[in-house]
Amino acid sequence: MDLQHLLASYDREQRIEIEYPGVRKEVCPHVVRFVRPAPGMNFILYSHLDETNVDAVIQEQIDYFSQMEQPWSWQVYDHDRPLDLKDRLMAHGLEPEDDPDAVMVLDLQAAPRALLEPVTADVRRIFQRDQLDDAVRVEERVLGEDFGWLKQRLGDHLEVPDYLSVYAAYVEGQPACTGWAYFHPNSQFDSLFGGATVPDHRQRGLYTAVLAVRVQAAISRGYRFLTVGASPMSRPIVARHGFRLLSYARAYVWKENSGL
């Protein structure tokens, strides 16, 4: 797997050509940005800049988004140019959010056998909006935050045909692990999100089981690659299952016009 060639394909398919339901995409000369209905967070997903234009383009985006009473973010990958883009964003007032995610990729044609075998854990696919409470409960227990917004977003996406699959693993009838997958049209990449296991049920193979059902779903739909933004906790797990580091990504957030 040629990672540099794959990274170029990832940028093209997952940052430039990608579309999101219910989100307006704006392709500008130097950035690709997305505008959500209020109060959602708007974001810049891709930029093509150099030392001669970077500061002017950053200020253009600040001026544009400042017309809206919404927070917005700029997603920066380690390979984005110029090399000091992160420093320039912070100099303009954008703030780094949390820790960088490791963007990991798995070639499904070389998926390890452990992810292809039948799953014996109690993993169920969630089809209905009212069933999403189980997934939200897991995320809230793991991260200690309010994820009420997640039910609305996933629920809306479940209504888009063939776009989203959500799974939860259960122990004695209670949700213990969750994760979901987005199946982007006209792309060879399937994106994984939300992998989380409540502390009481870790080290039991539930994370791997939820990963396996998503791997098998992606293969059945004809996708070639799986990507996931892995936290420091999940990166060693997916690495053991054949995922390789593609890049690091981090959001830089503008909050001055949002009241946050």
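This section describes the salt bridges, aromatic pairs and surface charge of a predicted model.

The structure contains 16 salt bridges. In one of them, glutamate 26 is joined to arginine 33, with the closest N and O atoms 2.6 Å apart. Both partners fall under the 20% limit for burial: glutamate 26 is buried, with a relative accessible area of 15%, and arginine 33 is buried, with a relative accessible area of 11%. Another salt bridge connects aspartate 78 to lysine 86, the closest N and O atoms being 2.5 Å apart. Here aspartate 78 counts as partly exposed at 38% relative accessibility, and lysine 86 likewise counts as partly exposed, at 27%.

A further salt bridge is formed between the side chains of aspartate 107 and arginine 224, at 2.7 Å from N to O. This pair links distant parts of the chain, 117 residues apart: aspartate 107 belongs to strand E6, whereas arginine 224 lies in the loop between helix H6 (206-220) and strand E11 (225-230). Aspartate 107 is buried at 12% relative accessibility, while arginine 224 is partly exposed, with a relative accessible area of 28%. In addition, a network of salt bridges links Asp11, Arg15 and Asp80.

Aromatic contacts were examined next. A pair of aromatic rings is described by the distance of the centres and the angle of the planes. The whole structure holds 13 aromatic pairs. The ring centres of phenylalanine 65 and tryptophan 72 are 4.7 Å apart and the planes stand at 25°, so this pair is stacked. Phenylalanine 65 and tryptophan 72 are both buried. By contrast, tyrosine 182 and phenylalanine 193 form an edge-to-face pair, because their ring centres are 5.8 Å apart and their planes are at 80°. Tyrosine 182 is located in strand E9 (residues 174-183) and phenylalanine 193 in strand E10 (residues 189-197), so the pair ties together parts that are eleven residues apart in sequence. Tyrosine 182 is buried, at 8% relative accessibility, whereas phenylalanine 193 is partly exposed, with a relative accessible area of 43%. Ring pairs also join Tyr10, Tyr77, Phe189 and Phe225 into a cluster.

On the surface, a patch of negative charge is made up of Glu97, Asp98, Asp99, Asp101, Glu145 and Asp146. Within this patch, aspartate 101 is part of strand E6 (residues 101-107) and counts as partly exposed at 33% relative accessibility.

Finally, valine 27 is situated in strand E1 (residues 24-27) and counts as exposed, at 60% relative accessibility. Valine 27 is separated from threonine 227 by 200 residues in sequence and by 23 Å in space, C-alpha to C-alpha.

How values were computed: Residues numbered from 1 in each chain as written. Predicted model: local features only at pLDDT ≥ 70, side-chain atom pairs only at ≥ 80, totals over all residues. Heavy atoms only, no water. Patch = residues over 30% accessible without salt bridge, like charges linked within 9 Å, V, L, I, M, F, W, Y side chains within 5 Å. Areas by Shrake-Rupley, 256 points an atom, 1.4 Å probe, with all protein chains shown as cover. Salt bridge = Lys/Arg side-chain N within 4 Å of Asp/Glu carboxyl O. Lys, Arg positive; Asp, Glu negative; His and termini not counted. Charge placed at Lys NZ, Arg CZ, Asp CG, Glu CD. Helix = DSSP H or I, 4+ residues; strand = E, 2+ residues; numbered from the N terminus. Buried < 20%, exposed > 50% of the residue type's maximum accessible area, 1.4 Å probe, protein only. Phe/Tyr/Trp six-rings, centres within 6.5 Å; stacked < 30°, edge-to-face > 60°.
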